[in-house]
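Let us walk through this structure step by step. Keep the sequence and the 3D view side by side as you read.

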Amino acid sequence: PAPIIIKSNSSIEFYLYVRKIHNPMLRIQPKVYAVWFDFEFHNWFNPCFINKNGGIMKKLLTVVLSLVAFIGLSVSTANAKTLKCQTVISAKADEVKMLKDFGNDVTALTGGSLKFEIMPAGTVVGVKETLDAVDKGLIDCGFAWTHYWSGEHPAAMLFGSPVAGAGVGIDNIAFLSWFQYGGGKELYDQLWKEMGRNIKGFMLQPVGPEALGWFKEPINSMADFRKYKFRTPPGIPGQTYKDIGVASVAMGGGDILPALEKGTIDAAEWCCPKPDMTFGFQKVLKHYYLQGLHQVVVNADLYVNGDVYKKMTKLEKKAMEVAANASLSKAMSYRIYENGKALADLTQNHGVILHDTPADYFPAYMAAAKKSLETNAAKNKFFAKVWNSQKKFADIAVPFWSGAQMSNAKLGMAHAATLK
């Protein structure tokens with residue numbers, strides 16, 4: 001018998017040649033396929049696959065459609081892209097674990113056409129050069145906290161870590177409400193234009209509220225606090241500590257423990273129980289304070305080179321958006337449980353003593369934070385635009401949200417007291 005020949009262009013046509021008779025048996029027109037191929041299957045023909053009217057039976061159709069699916073898969077695999085992404089932290093950090101989870105979601109949603117290679121800090125450039133490297137296309141994407149770039153533009157702080165809840169009581173959950181439904185995302189996209197950066201940003205990981213920090217001895221007042229050389233985040237949150245008389249020293253997370261061991265600093269904050277324990281602060285310091293105002297809200301973001309993003313398909317761009325929104329929820333859920341487990345481990349197995357923050361810290365830091373926010377708003381129009389948006393949102397949302405949470409917070413503290 002003559003061979004079955006499958007030929008295709010934008011319309012897939014199947015021709016069956018039997019005993020010198022040419023019978024077009026099936027015609028499919030999926031415009032998706034614009035490749036030419038020509039498969040020949042010799043010695044496969046069997047009369048049982050043809051009915052008396054010359055139609056193709058189910059088995060032949062199954063084979064043909066399987067071939068079409070195979071070709072589509074091959075095309076997708078051939079077009080797969082792997083984005084090289086450098087973080088500003090080590091590969092062991094929880095943030096990297098969650099970043100990889102985001103990447104896996106994108107890969108699944110795109111059917112494998114978009115993948116990520118996650119590289120630790122320093123692989124290609126230094127931490128401070130991460131944003132420049134993304135902007136210039138040296139790496140495809142980067143991962144950091146956006147307040148790291150507040151030295152370049154003060155408004156970056158309002159997205160990465162709005163000091164003292166933007167001075168109006170916005171917590172990490174309320175911040176997401178502002179970001180997703182109160183106009184925050186549109187302002188976030190505008191930030192990169194204001195900075196003159198060729199970047200598409202994706203907010204991924206809410207972290208806060210962050211702990212006040214770690215000390216060698218208990219602090220009972222601001223007078224005690226001011227005796228310490230204290231590691232703080234860069235930008236306005238750290239400057240605010242200087243404004244209330246604290247010797248604030250900014251440095252990267254990986255430098256904190258060595259600085260504590262050498263005596264360069266004698267107190268520190270980084271984040272929360274789990275990340276703090278990962279860095280090993282409990283090896284040097286034993287007095288831990290949870291309640292702080294400097295970073296009630298903290299967000300870690302992914303920065304994609306603008307040209308790389310523009311070349312993505314509509315599906316890939318949508319996958320990035322969907323996975324980023326999922327990451328905002330998953331990261332928060334992950335943090336609550338992991339920090340709870342870490343705090344129990346620190347206090348039960350590492351000799352860490354948990355304290356309440358001195359009462360005079362709160363009015364001092366809040367007053368300085370508000371003054372700093374007002375100063376920056378007066379100097380920079382875009383900063384003022386973002387902060388006014390947050391305040392307008394807070395006027396509506398915070399009375400409800402803080403009021404509704406108050407009783408639950410008291411109930412939670414009462415439960416915590418029974419565990420001591």
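The paragraphs below go from the whole chain to single residues.

This is a predicted model. The protein chain has 15 helices and 15 strands. Of its 420 residues, 49% are buried. Now take the contacts between residues at least 6 apart in sequence: 75% of them join residues at least 24 apart.

Start with a pair of helices. Helix H2 spans residues 94–109, and helix H13 spans residues 314–349. Their axes come within 8 Å and cross at roughly 145 degrees. The crossing of H2 and H13 is right-handed. On the H2 side, the contact includes Asp94, Met98, Phe102 and Leu109. On the H13 side, it includes Leu315, Ala319, Ala323, Tyr334 and Glu338. What classes of residue make up the contact of H2 with H13? There are 12 nonpolar, one polar and eight charged residues.

Next, turn to serine 161. It sits in the loop between helix H4 (156–160) and helix H5 (163–169). Is serine 161 buried or exposed? Serine 161 is buried, because its relative accessible area is 0%, below the 20% cut-off. Its side chain makes a polar contact of 3.3 Å with the side chain of histidine 147. Leaving aside residues up to four places away in sequence, serine 161 touches His147, Pro237, Gln295, Val297 and Val298.

One of those partners, Pro237, leads to another helix. Pro237 belongs to the buried residues of helix H9 (residues 236–243). The others are Ile236, Gly238, Thr240 and Tyr241. After H9 comes glycine 245, with a positive phi near 90 degrees.

Go back to helix H5 for two residues with unusual backbone angles. Most residues other than glycine have a negative phi. Alanine 164, which is not a glycine, has a positive phi of about 50 degrees. It lies in helix H5. Alanine 166 is also a residue other than glycine, and its phi is positive, near 60 degrees. Helix H5 holds alanine 166 too. Alanine 164 counts as buried because its relative accessibility is 3%. Alanine 166 is buried as well, with a relative accessible area of 1%.

Now look at tyrosine 148. This residue is in the loop between strand S7 (141–145) and H4. Which residues does tyrosine 148 touch, not counting those up to four places away in sequence? They are Val88, Val127, Pro234 and Trp270. Tyrosine 148 and lysine 128 are 20 residues apart in sequence. In space, their C-alpha atoms are 8.2 Å apart.

Finish with the cysteines. How many disulfides does the structure hold? The number is zero. A disulfide is a covalent bond between the sulfur atoms of two cysteines. Consider cysteine 85. Its closest cysteine sulfur is that of cysteine 141, 3.3 Å away. That is too far for a bond, because a disulfide here needs the two sulfur atoms within 2.5 Å. From the other side, the cysteine sulfur nearest to cysteine 141 is that of cysteine 85, and cysteine 141 is in no disulfide. Cysteine 85 counts as buried, at 0% relative accessibility. Cysteine 141 is buried too, with a relative accessible area of 0%.

Terms used: Residues numbered from 1 in each chain as written. Predicted model: local features only at pLDDT ≥ 70, side-chain atom pairs only at ≥ 80, totals over all residues. Heavy atoms only, no water. Helix = DSSP H or I, 4+ residues; strand = E, 2+ residues; numbered from the N terminus. Buried < 20%, exposed > 50% of the residue type's maximum accessible area, 1.4 Å probe, protein only. Polar contact = N/O pair within 3.5 Å; in protein donor to acceptor, adjacent residues only side chain to side chain. Contact = heavy atoms within 4.5 Å. Axes fitted to C-alpha atoms, helices over the stretch in contact; angles between N-to-C directions. Left-handed = near helix turned anticlockwise from the far one by under 90°. Nonpolar A, V, L, I, M, F, W, Y, C, P; charged D, E, K, R; others polar.
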